[in-house]
Amino acid sequence: RESMPIKNDKQEMVAHVKSCCCIDQGTSKILCYFEKNGYSPGEDANMHCCVDAKESQADVTKVTVQLINKITYVSKSNHRKEFFNTLLSYSFPGIAKGQEMERTHSVKILNDKSPDKTDIKPTCRGLKLSSIYYLKVEAELDASCTCCSDLPLVHQPILIYPYIPVNYNWSPPPNWNPEQMPMLNLNVPINMENPKLNNMGNPYY
């Protein structure tokens, strides 16, 4: 099981938007905060998103959040192959050109492609096989063609912990009769004198 420090992160991108024939459409900016970077399947990922289209000539039709799983295989001859799977996609309305917005959204970490929505394998980083996750947040623009420009999007790497189901409705069996063991005091003698410490300065010891 992989572990890393739990922290909140800020991801920002400024995109210079151009439509077909490289017509300048101004700039759009997206800024996202996540409360932390580690989640268990079924947990809510709280996100604060800021979209700035004040200097853009294209509307932001919607903002899409996707949970991406990147799987990397490395062969014995060091050939690398990567697969990208979109496990979750969630969208909320955008804004018109010349405006900006700040919104807080909660996205539940689930696998929409599986009958069991919590079927998301934990993050792993092996030498030959790795499976990592990130949240992709993209502001989709109302432009006839954006092939000549970057899209305002951010990638937030996250760590997926193993799913541990909790049954809050558990009830003991009919014949369950637990007994409380009495307290036991153990007196263990402790010798504070260690002769080896006295000889640490002796090079011939």
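This report walks through the fold, core, aromatic pairs, cysteines and a few single residues of one predicted model.

## Ground rules

Because this is a predicted model, local features need pLDDT of at least 70 and side-chain atom pairs count only at pLDDT 80 or more, while totals for chains, interfaces and linings use all residues. Residues are numbered from 1 along each chain as its sequence is written, and side-chain values use heavy atoms, with hydrogens and water left out.

## Overall layout

The chain comes to one helix and ten strands. Helices (H or I, at least four residues) and strands (E, at least two) are DSSP runs, numbered from the N terminus. Going along the sequence, the pattern is β-β-β-β-β-β-β-β-β-β-α.

Of the 205 residues, 33% count as buried. Buried here means under 20% relative accessible area, exposed means over 50%, and partly exposed is in between (1.4 Å probe, protein chains only). About 14,000 Å² of the chain is exposed, and carbon and sulfur atoms supply 52% of that; the areas come from the Shrake-Rupley method with a 1.4 Å probe, and for residues only the protein chains shown count as cover. As for contacts (heavy atoms within 4.5 Å), take those between residues at least 6 apart in sequence: 64% of them join residues at least 24 apart.

## The nonpolar core

In soluble globular proteins, nonpolar side chains tend to be buried together. A nonpolar core is a set of buried Ala, Val, Leu, Ile, Met, Phe, Trp, Tyr and Cys residues joined through side-chain atoms within 4.5 Å. The largest one in this model has 30 residues, and Val63, Leu67 and Val137 touch the most other members. Strands E2 (24–34), E4 (44–52), E5, E6, E7 (100–108), E9 and E10 (153–160) are the elements that give two or more residues to this core. E9 gives the most, with five residues.

Leu67 has a long contact list once residues up to four places away in sequence are set aside: Asn85, Thr86, Leu87, Leu88, Ile109, Leu110, Ile120, Tyr133, Tyr134, Leu135 and Ile158.

## The E5–E6 hairpin and its aromatics

Strands E5 (residues 60–74) and E6 (residues 80–95) pair in the antiparallel sense over 14 bridges; strands pair if DSSP finds at least two bridges between them. One of the bridge partnerships links Tyr73 to Lys81 in E6. The hairpin has five residues between the strands, and Asn78 takes a positive phi near 65 degrees there.

A search of the whole structure finds two aromatic pairs. Rings of Phe, Tyr and Trp (its six-membered ring) pair if their centres lie within 6.5 Å; planes under 30 degrees apart count as stacked, over 60 as edge-to-face and the rest as tilted. The Tyr73 and Phe83 rings have centres 5.7 Å apart and planes at 80 degrees, so they make an edge-to-face pair. Tyr73 sits in strand E5 and Phe83 in strand E6, so this pair ties together parts that are ten residues apart in sequence. Tyr73 is partly exposed at 41% relative accessibility, and Phe83 is partly exposed too, at 35%. The Tyr90 and Phe92 rings have their centres 6.4 Å apart and their planes at 45 degrees, so that pair is tilted. Tyr90 is partly exposed at 30%, whereas Phe92 is buried at 3%.

## Cysteines

No luck for anyone hunting disulfides (cysteine sulfur atoms within 2.5 Å): the whole structure has zero. For Cys32, the nearest cysteine sulfur is that of Cys49, 3.7 Å away, and Cys32 is buried at 0% relative accessibility. Cys50 is in no disulfide either, with the sulfur of Cys49 its nearest at 6.6 Å; Cys50 is buried at 14%.

## Two residues to click on

Ser130 lies in strand E9 (residues 129–141) and is buried, with a relative accessible area of 15%. Beyond its four-place sequence neighbours, Ser130 touches Lys70, Ile71, Thr72, Cys124 and Arg125.

Lys113 is in the loop between E7 and strand E8 (124–125) and is exposed at 59% relative accessible area. Leaving aside neighbours within four places in sequence, Lys113 contacts Thr86 and Leu87. Lys113 and Asn85 are 28 residues apart in sequence and 9.6 Å apart in space, C-alpha to C-alpha.
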